[in-house]
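Please open the structure in your viewer and keep the sequence beside it. This tour suggests what to select at each stop and describes what is found there.

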Amino acid sequence: MPNWPETLPQSPLLDGCRETPADRTIRTAMDTGPAKVRARGTAGAGKLSLTYILSRAELAALEAFFEEDLIAGALKFSFPHPRKEETVDCRFRQPPAWAPINGSFFRVGIELEVLP
């Protein structure tokens, strides 16, 4: 399994970092009263929304990692979780999105699925 490249930052910016735990329940609407809720299972995928400031070379490395190593994001990879301080298995939810800051640096947002 591929690893998050060591040539890329190992920690994201705190601004723009969001974590959503896995929702492992199913809600069923009732004709009247509150919805019924039951457990879906024991495993579910969480979500990490992360932002990085990358140089032009780092952005090229991220794009190569996504396109070539992960086959356009289809494969899972080991990623250093920013809060847990351990490695977790992840998969991209969508391609990385970037916007230029200036001619040399880019603000890059990634959406990851944290796998059980």
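The stops below go from a strand and its partners to a surface patch, the salt bridges, the cysteines and a serine.

Before starting, note that this is a predicted model, in which local features need pLDDT of at least 70, side-chain atom pairs count only at pLDDT 80 or more, and totals for chains, interfaces and linings use all residues. Residues are numbered from 1 along each chain as its sequence is written, and side-chain values use heavy atoms, with hydrogens and water left out.

**Strand E8 and its partners**

Select residues 105-114, which make up strand E8; helices (H or I, at least four residues) and strands (E, at least two) are DSSP runs numbered from the N terminus. Seven of the ten residues of E8 are buried, so the strand is largely enclosed by the rest of the structure, where buried means under 20% relative accessible area, exposed over 50%, and partly exposed in between (1.4 Å probe, protein chains only).

Next add residues 46-55, strand E4, which runs antiparallel to E8 and is joined to it by ten bridges; two strands count as paired if DSSP finds at least two bridges between them. Within this pairing, Tyr-52 stands opposite Val-108 of E8. Then add residues 87-92, strand E6, which is also antiparallel to E8 and is joined to it by three bridges, with Phe-92 having Leu-112 as its bridge partner in E8. Residues 97-100 form strand E7, which pairs with E8 in the antiparallel sense over four bridges, and these two strands make a hairpin with four residues between them.

**A nonpolar patch**

Select Ile-53, Ile-101 and Phe-105, which form a nonpolar patch on the surface with about 240 Å² of accessible area together. Such patches are made of residues with over 30% relative accessible area and no salt bridge, nonpolar side chains (Val, Leu, Ile, Met, Phe, Trp, Tyr) being joined within 5 Å and like charges within 9 Å; the areas come from the Shrake-Rupley method with a 1.4 Å probe, and for residues only the protein chains shown count as cover. Phe-105 itself is partly exposed, with a relative accessible area of 38%.

**Salt bridges**

How many salt bridges are there to look for? The count comes to three, a salt bridge being a side-chain nitrogen of Lys or Arg within 4 Å of a carboxyl oxygen of Asp or Glu.

Start with Arg-83 and Glu-19, whose side chains meet at 2.8 Å, N to O; this pair links distant parts of the chain, with Arg-83 in the loop between E5 and E6 and Glu-19 in strand E1, 64 residues apart. Arg-83 is exposed, at 56% relative accessible area.

Move to Lys-47 and Glu-111, where the closest N and O atoms are 3.5 Å apart; Lys-47 belongs to strand E4 and Glu-111 to strand E8. Finish with Glu-113 and Arg-91, at 2.9 Å, N to O, which connect strand E8 with strand E6.

**Cysteines**

Now select Cys-17 and Cys-90, whose sulfurs are 12 Å apart, too far for a bond. A search of the whole structure finds zero disulfides (pairs of cysteine sulfur atoms), the cut-off being within 2.5 Å. Cys-17 is partly exposed at 31%, whereas Cys-90 is buried at 0% relative accessibility.

**Ser-78**

Lastly, select Ser-78 in strand E5, residues 77-80, which is buried at 13% relative accessible area. Leaving aside neighbours within four places in sequence, its contacts include Met-1, Trp-4 and Val-88, where contact means heavy atoms within 4.5 Å.
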